[in-house]
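Open the model in your viewer and keep the selection box at hand. The stops below tell you what to pick next and what you will find there.

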Amino acid sequence: MAPALPPNRRQNRLFTIFLVGLLVLSSLYYMMEPGVNDEKSFASAKEVPISAITQGYVAKDYTEITIRGNDVYAKVESGSYVHAYKEAAVTASDLGWNDPKNPTVVKVDNIELNNFFKAHIGDVLFFILMIVGIMWVFRSIARSQNSAFSFGKSRARIADAKQVKTTFKDVAGCEEAKHDLEEIVDFLKSPKKYSVIGAKIPRGALLIGAPGTGKTLLARAVAGEAGVPFFSISGSEFVEMFVGVGASRVRDLFAKAKRNAPCIIFIDEIDAVGRQRGGAGFGGGHDEREQTLNQILTEMDGFEKDTNVIVMAATNRPDVLDSALLRPGRFDRRVFIDKPDLIAREEILKVHARNKKMGTGIDLSSIAKQTVGLAGADLENIMNEAAIFAAKRAKKKITQIDIVDAVEKVTIGAEKKSRKLTEKEKKITAYHELGHAVVGHLCKESDPLHKISIVSRGAALGVTWFLPKEDQYTTSKTKFLDEICGLLGGRAAEEIVFDEITTGASNDIERASDIARGMAMRYGMAEELGMVAYGEKQGSLFLGVDPSLARNYSEDMAQKIDEYVKRIIAEQYERAKEFIMQYREKLDTLAVMLLKQETMSVEEFTEVLDGKALSPMEEKAAKE
Ligand code: ADP
Ligand code: MG
Ligand code: ZN
């Protein structure tokens with residue numbers, strides 16, 4: 001609501017001035033009103049006949065005469081008063097106190113009115129203040145975002161055409177999505193071209209992609225490219241405390257948009273309102289959501305043929321959307337946005353390097369290689385963390401090492417140098433990580449090794465970092481087995497070297513078991529179980545969201561699955577142990593190195609492991 005602020009703020013300031021003014025005036029009134037101070041002197045005034053005062057007036061004995069009802073008080077120069085009674089009908093001029101040449105001041109104090117005023121001014125002021133105060137409270141509540149008083153109004157933020165500066169240039173990669181959306185830009189720019197031929201302009205486009213892949217960014221870019229206003233609202237904003245509010249917000253939003261056509265309405269996270277209606281399952285019948293969704297559908301149907309408003313929506317859960325939303329004439333265009341590939345990642349990194357001070361000789365393509373599977377938002381985060389590192393290190397420009405550190409921070413967590421391990425723990429950690437590295441390196445199908453570190457990060461005491469290969473959409477059984485073997489390499493090294501096992505491998509074991517279970521239940525890779533999928537999906541596999549499996553198999557099968565998992569793990573553990581025993585000596589050499597330098601690159605590692613003869617120095621070090 002930012003654009004609406006200035007007038008509001010001015011009102012607010014006026015209002016504050018008014019309040020303060022009122023307070024100052026009322027206190028001044030109490031301080032300066034003379035009658036109040038005179039009251040005591042009046043009470044102690046000496047009684048005289050009225051004629052004496054008239055004489056005193058003529059003799060100019062008094063500085064001031066106050067007439068209050070039938071009482072007359074005359075002030076003698078010394079400051080004291082005399083008091084007399086006059087008759088009700090007699091006025092000052094009747095008494096001859098109106099001589100223009102006489103300097104005595106004659107005041108008529110209207111006692112009735114004055115008394116009333118004095119008695120009630122406090123109440124009146126209080127009353128005014130209270131009303132004003134209540135008004136103020138109501139207004140500020142109404143203005144506040146989560147207002148219960150402004151519920152009918154849509155909170156879509158209106159950005160003028162001028163304000164949306166985002167264009168397709170700001171969106172790196174996503175070439176296919178951009179290509180699909182160019183059509184919409186063209187509809188908005190030159191609707192005539194299409195209407196003349198009799199083509200109906202599409203109503204809606206649904207952007208589908210994992211979180212952080214740039215859906216919101218793309219929608220803004222479409223508005224920016226077409227130069228039209230952009231109304232954006234988040235699905236969750238529709239669902240609020242009162243039933244019916246969502247629907248009225250939708251009505252309001254669409255009315256506003258139609259007035260501003262051509263324009264774009266963007267509903268972010270539409271799955272918040274657009275879930276499958278009715279029935280049990282997700283949230284059951286949620287009345288408010290259903291009404292809101294119905295209203296959106298009605299509004300989209302109600303567009304006239306030439307209404308040049310395009311509704312865009314974004315979601316990362318297309319599987320839960322109500323099918324009515326996907327019907328032709330509604331969100332019939334579906335634009336999929338994938339996680340960026342190698343080239344796109346480099347482009348995205350470049351986009352976010354644009355507004356930063358970059359040093360020379362920076363190699364963003366190597367960073368792109370290290371960031372497989374990350375989305376645009378993560379890459380943006382990496383560049384920002386790199387800038388923070390550079391600033392912390394008091395550099396003028398960002399260097400490669402800052403970016404590399406940022407990648408590690410974002411992907412595995414910040415280093416915890418303060419965590420002090422005992423010598424023994426450190427040694428076990430070194431052998432554990434090297435166990436992963438050795439086994440992983442020797443398994444043919446394992447992802448390539450990248451780096452080993454025994455600096456604590458997050459919850460982990462050490463990290464062995466493998467870089468997943470690019471663009472792998474399927475995984476072979478051999479790869480699964482090699483992965484399990486690599487995961488168990490840490491525990492295998494611990495057992496062989498120290499003849500003792502620690503808790504350090506709990507996460508490895510969990511992941512290995514998950515893989516084995518997946519092989520049995522999802523991928524039909526276990527001969528004894530057959531090509532059967534066990535367990536019923538409750539979520540969706542889409543976009544890597546792991547489904548929870550409901551049991552739809554017999555007790556007998558459950559036992560067989562467990563046996564399979566157990567067997568696979570045991571086999572791979574034996575295999576890992578064999579690798580470790582075979583390379584035991586080199587493992588010792590590597591451990592000495594790793595303990596000394598704390599991190600080890602893949603080059604250093606392979607140099608030792610892949611046969612270069614040990615130098616006498618190294619041999620000696622290894623024996624110690
Ligand atoms: P989503 O809406 O899909 O969750 P956003 O559009 O909010 O993701 O993206 C978050 C941020 O990540 C954007 O503001 C942008 O800075 C960055 N980003 C994501 N994808 C890209 C991209 N393809 N090119 C450039 N920046 C991107
Ligand atoms: Mg978003
Ligand atoms: Zn481990």
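Start with strand β12, residues 449-453, and add β13: the two pair in the antiparallel sense over four bridges. Strands pair here if DSSP finds at least two bridges between them. Helices (H or I, at least four residues) and strands (E, at least two) are DSSP runs, numbered from the N terminus. Zoom in on I452: its bridge partner in β13 is T464.

Before going further, note that this is a predicted model: local features need pLDDT of at least 70, side-chain atom pairs count only at pLDDT 80 or more, and totals for chains, interfaces and linings use all residues. Residues are numbered from 1 along each chain as its sequence is written, chains are lettered from A and ligands numbered from 1 in the order in which they are written, and side-chain values use heavy atoms, with hydrogens and water left out.

**The sheet and its helices**

Now add β16. The three strands form an open sheet, in the order β13-β12-β16, with antiparallel pairing. Its edge strands are β13 (463-466) and β16 (599-601), each paired on one side only. On average, neighbouring strands of this sheet are turned by 15° against each other, direction ignored. Angles run from 0 to 180 degrees between N-to-C directions, with axes as lines fitted to C-alpha atoms, for helices over the stretch in contact.

Select 423-442 next. This is helix α15, which packs on the sheet and touches β12, β13 and β16. Its direction makes about 25° with that of β13. Contact means heavy atoms within 4.5 Å. Then pick 602-609, helix α20: it lies across β12 and β16, running at about 75° to β16.

**The zinc site**

Stay on α15 and show ligand 3, the zinc ion. Which protein atoms are its donors? They are H432 (NE2), H436 (NE2) and D508 (OD), lying 2.0 to 2.1 Å from the ion. Donors are N, O and S atoms within 2.8 Å of the metal (3.2 Å for Na, K and Ca); water is not among the atoms, so sites may look incomplete. The donor residues are spaced H-x3-H-x71-D in sequence.

Both histidines, H432 and H436, sit in α15, four residues apart, about one turn of the helix. An α-helix has 3.6 residues a turn, so residues three or four places apart point the same way. H432 and H436 are both buried. Buried means under 20% relative accessible area, exposed over 50%, partly exposed in between (1.4 Å probe, protein chains only).

**The nonpolar core**

Select L434. Leaving aside neighbours within four places in sequence, L434 is in contact with I452, L587, L590, A591, L594, M600 and F605. The largest nonpolar core has 51 residues, and L434, I484 and F605 have the most contacts inside it. Such a core is a set of buried Ala, Val, Leu, Ile, Met, Phe, Trp, Tyr and Cys residues joined through side-chain atoms within 4.5 Å. Elements giving two or more residues to this core include α16 (477-498), α17 (506-521) and α18 (555-582). The largest share, eleven residues, comes from α18.

Go to F579, found in α18. F579 counts as buried because its relative accessibility is 16%. Its contacts, beyond four places in sequence, are V439, L442, C443 and C485. Draw a line to V439: the two are 140 residues apart in sequence, yet 6.2 Å apart in space, C-alpha to C-alpha.

Next, color α19. In this helix L587, D588, T589, L590, A591, M593 and L594 are buried. After α19 comes E598, whose phi is positive, near 70°.

**Away from the zinc**

Jump to 230-234, strand β8: five of its five residues are buried. F230, S232 and S234 cover one side, F231 and I233 the other. In a regular strand the side chains alternate between the two faces of the sheet. Add 263-268, strand β9, which runs parallel to β8 and is joined to it by five bridges. S234 stands opposite D268 in β9.

Last, select T66 in strand β2, residues 62-68. T66 counts as buried because its relative accessibility is 3%. Not counting residues up to four places away in sequence, T66 touches F42, D71, V72, Y73, K107 and D109.

Zoom out to finish. The protein chain has 21 helices and 16 strands. Of its 624 residues, 42% count as buried.
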